[in-house]
Amino acid sequence: MSNLYIVATPIGNLEDITLRALRVLKDVNVIACEDTRHTSLMLSHYEIKKRLIATHAHNEKESSKGILTLLDEGNDIAYCSDAGTPGISDPGAVLADYIRNNSDHNVIPIPGPSAFVTLISASGSVGRTYTFEGFLSPKSGRRKKRLEELISRREPFIIYESPFRVLKSLKEVKEIDPSISAVMGREMTKQFEEIKKGSIDDIISILEGKSSIKGEFAILFFWNQDDKTEEDQDA
């Protein structure tokens, strides 16, 4: 049977790709990807030339049918999202599910970079439980309701946020619980990487001090041990 490889790719620095991922990308017949232009730049860097198929959030279900046809014809196929691990706040999950449910072709993960794992590794956090939320709703009411639910658990959680909405989200978190702390990762693994840790006020002040806010964000929210409520301590 043919294989569908779910390939993790760099979140910024192109050196952050595994030897296995490079071998798979060189060996497959076709590469499906979230954005052919973005993936072409990475492939060109490694002198890999392949037929590319666009498979993104708006056409993933329909594109999956065409990919299944190619697999049935004996082609091995790799899937790459724009950055990081497919299916983690990125397209890829619908494709993997469709192939598993409608064929006997192998769906093989090729692990690698992921922004939220990268942030946790550099955060100094010693927690064992993390909730990965990804991108919050752009709608204020839904976003705030979900933040209230996450904060009520008093367990560390991670969100992704755009430069256009990051301050608004941080201020909503502060409004719900001003005692919370955070680790902010911006442009991780890239030239202007910035990782800052502090109170919610500290992180807001850092961003408000910038003339402009650029880059994608991953933010880990947590509570210091001394901040536990009496109810938490009694438990």
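Here are three short exercises with worked solutions on this predicted model.

Local features need pLDDT of at least 70, side-chain atom pairs count only at pLDDT 80 or more, and totals for chains, interfaces and linings use all residues. Residues are numbered from 1 along each chain as its sequence is written, and side-chain values use heavy atoms, with hydrogens and water left out.

**Exercise 1. The sheet**

Work out the order in which the 5 strands form an open sheet, and find the strands at its edges.

*Solution.* Start with the elements: the protein chain has 9 helices and 10 strands, taken as DSSP runs (H or I, at least four residues; E, at least two) and numbered from the N terminus. Next, look for pairing, which calls for at least two DSSP bridges between two strands. The order that comes out is E6-E7-E10-E8-E9, with mixed pairing. Strand E6 (131-135) and strand E9 (194-199) each have a single partner strand, so they stand at the edges with one side left without a neighbour in the sheet. Now zoom in on one pair: E8 and E10 run antiparallel and are joined by 6 bridges. Within E10, Phe222 is the bridge partner of Ser181.

**Exercise 2. The core**

Find which elements each supply at least two residues of the largest nonpolar core.

*Solution.* A nonpolar core is a set of buried Ala, Val, Leu, Ile, Met, Phe, Trp, Tyr and Cys residues joined through side-chain atoms within 4.5 Å; buried means under 20% relative accessible area (1.4 Å probe, protein chains only). The largest such core has 20 residues, and those with the most contacts inside it include Phe157, Leu170, Ile200 and Phe221. Trace them back to the elements: H6 (140-153), E7 (157-161), H7 (166-176), E8 (181-186), H8 (200-208) and E10 (217-222) each supply at least two. H8 gives the largest share, 4 residues. As a check, take Phe221: leaving out residues up to four places away in sequence, its contacts (heavy atoms within 4.5 Å) include Phe157, Leu170, Val173 and Ile200.

**Exercise 3. Two helices**

Describe how H6 and H7 pack, giving the angle and the distance between their axes.

*Solution.* Fit lines to the C-alpha atoms over the stretch in contact, and take angles from 0 to 180 degrees between N-to-C directions. The angle is about 50 degrees and the axes are 10 Å apart. H6 and H7 are therefore oblique to each other, a class left over once angles under 35 degrees (roughly parallel), over 145 (roughly antiparallel) and 65 to 115 (roughly perpendicular) are set aside. Residues making the contact include Leu147 and Ile151 of H6 and Val173 and Ile176 of H7. Finally, relate H7 to the strands: H7 lies across E7 and E10, at about 5 degrees to E10.

Terms used:
Buried means under 20% relative accessible area, exposed over 50%, partly exposed in between (1.4 Å probe, protein chains only).
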